[in-house]
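Biologist: I would like to learn how to read a few backbone and side-chain features in a model. Could we take them one at a time?

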Amino acid sequence: MAEPPPTLLQKVLTVDTKFSHYLHSNFHTRLPIFFLLILEISADFRFSFPISLSLLFALPLPSLLPFFSSLLFGLLLDIATVGLVKILLRRPRPPYNHLSSMSTPVSADHFSFPSGHSSRVSFVAALVFLYKEVMEVAAVEVREKGGVFGSWVGEDGKLVDVVVVGVCVWAVVTAVSRVLLGRHYFFDVFAGFCLGVIEGVFAFRVLRFEDILSTFRHQIWSR
């Protein structure tokens, strides 16, 4: 009895597997491995969330509270969403992925779809882009306060543009590095990147709990 023809999904996954292996085999040596691992660490939730929380207290600017509200609650939403999808779909990681150099603190990290690093970096990049005007207001506040940081901001406000472009470049390079490093297939990264952008828009419009963060920050400072 003849085997049934492959479904559209099977065809897509076959192309994805071959294309991802081609990218990994031909380009993973173009960038130093330590650089790829640094990008991996920079997008890890265990690094990005504590850093974001620290910046909330290190930058006592009221104008940035909406941004930090969307950022912190959005990061929690992202890790919950990605973890749930990974557990439900359970797509294995590429066979050439070196597990010995990879940290998997939870069982969901053993699965590949979607890429959590890709969703996280695109989420941050989307949020920074959407909050550009808020950051420009914060930059004016810093400049008016003077001091060393005030002199860094400058009068033309180009620092905010540099930050936005820099974060977007970091997001794209980090997402591509997931395929080059062999952690994910290309479609995992693409899906994760799209998911992160959607989460960024959702966090920008919905996850606005700056009153809660303001109260929380005040309680910490008053101790």
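Biologist: Where in the chain does P114 lie?

Modeller: P114 sits in the loop between α4 (65-89) and α5 (116-130). Note that this is a predicted model.

Biologist: How should I read the peptide bond that joins F113 and P114?

Modeller: Most peptide bonds are trans, and most residues other than glycine have a negative phi. The bond between F113 and P114 is cis, with omega about -5°. The loop between α4 and α5 also holds R90. Phi of R90 is positive, near 55°, and R90 is not a glycine.

Biologist: Is R90 buried or exposed?

Modeller: Neither label applies: R90 has a relative accessible area of 48% and is partly exposed, because exposed requires over 50%.

Biologist: What is the helix and strand content of the protein chain?

Modeller: The protein chain has ten helices and zero strands. Its pattern along the sequence is α-α-α-α-α-α-α-α-α-α. Of the contacts with a separation of 6 or more, 81% are between residues 24 or more positions apart. Of the 223 residues, 40% are buried. The accessible surface is about 12700 Å², and carbon and sulfur atoms account for 72% of that surface.

Biologist: How is a pair of aromatic rings described?

Modeller: A pair of aromatic rings is described by two values, the distance of the centres and the angle of the planes. This structure holds eight aromatic pairs. One of them is Y22 with F27, an edge-to-face pair at 6.2 Å centre to centre and 80° between the planes. Y22 is partly exposed at 45% relative accessible area, and F27 is partly exposed at 29%.

Biologist: Why is the pair of F67 and Y131 edge-to-face?

Modeller: The planes of F67 and Y131 stand at 80°, with the ring centres 5.6 Å apart, so the pair is edge-to-face. The pair links distant parts of the chain, since F67 is in helix α4 and Y131 is in the loop between α5 and α6 (132-145), 64 residues apart. Both F67 and Y131 are buried.

Biologist: Which residues form one aromatic cluster with F67 and Y131?

Modeller: F68 and F204 join F67 and Y131 in one aromatic cluster. F204 also has R208 over its face, at 5.6 Å from the ring centre.

Biologist: How many disulfides does a search of the whole structure find?

Modeller: The search finds zero disulfides. As for individual cysteines, C168 is partly exposed at 29% relative accessibility, and C194 is partly exposed at 33%.

Key
Residues numbered from 1 in each chain as written. Predicted model: local features only at pLDDT ≥ 70, side-chain atom pairs only at ≥ 80, totals over all residues. Heavy atoms only, no water. Disulfide = S-S within 2.5 Å. Buried < 20%, exposed > 50% of the residue type's maximum accessible area, 1.4 Å probe, protein only. Helix = DSSP H or I, 4+ residues; strand = E, 2+ residues; numbered from the N terminus. Contact = heavy atoms within 4.5 Å. Areas by Shrake-Rupley, 256 points an atom, 1.4 Å probe, with all protein chains shown as cover. Phe/Tyr/Trp six-rings, centres within 6.5 Å; stacked < 30°, edge-to-face > 60°. Lys NZ or Arg CZ within 6 Å of the ring centre and 35° of its normal.
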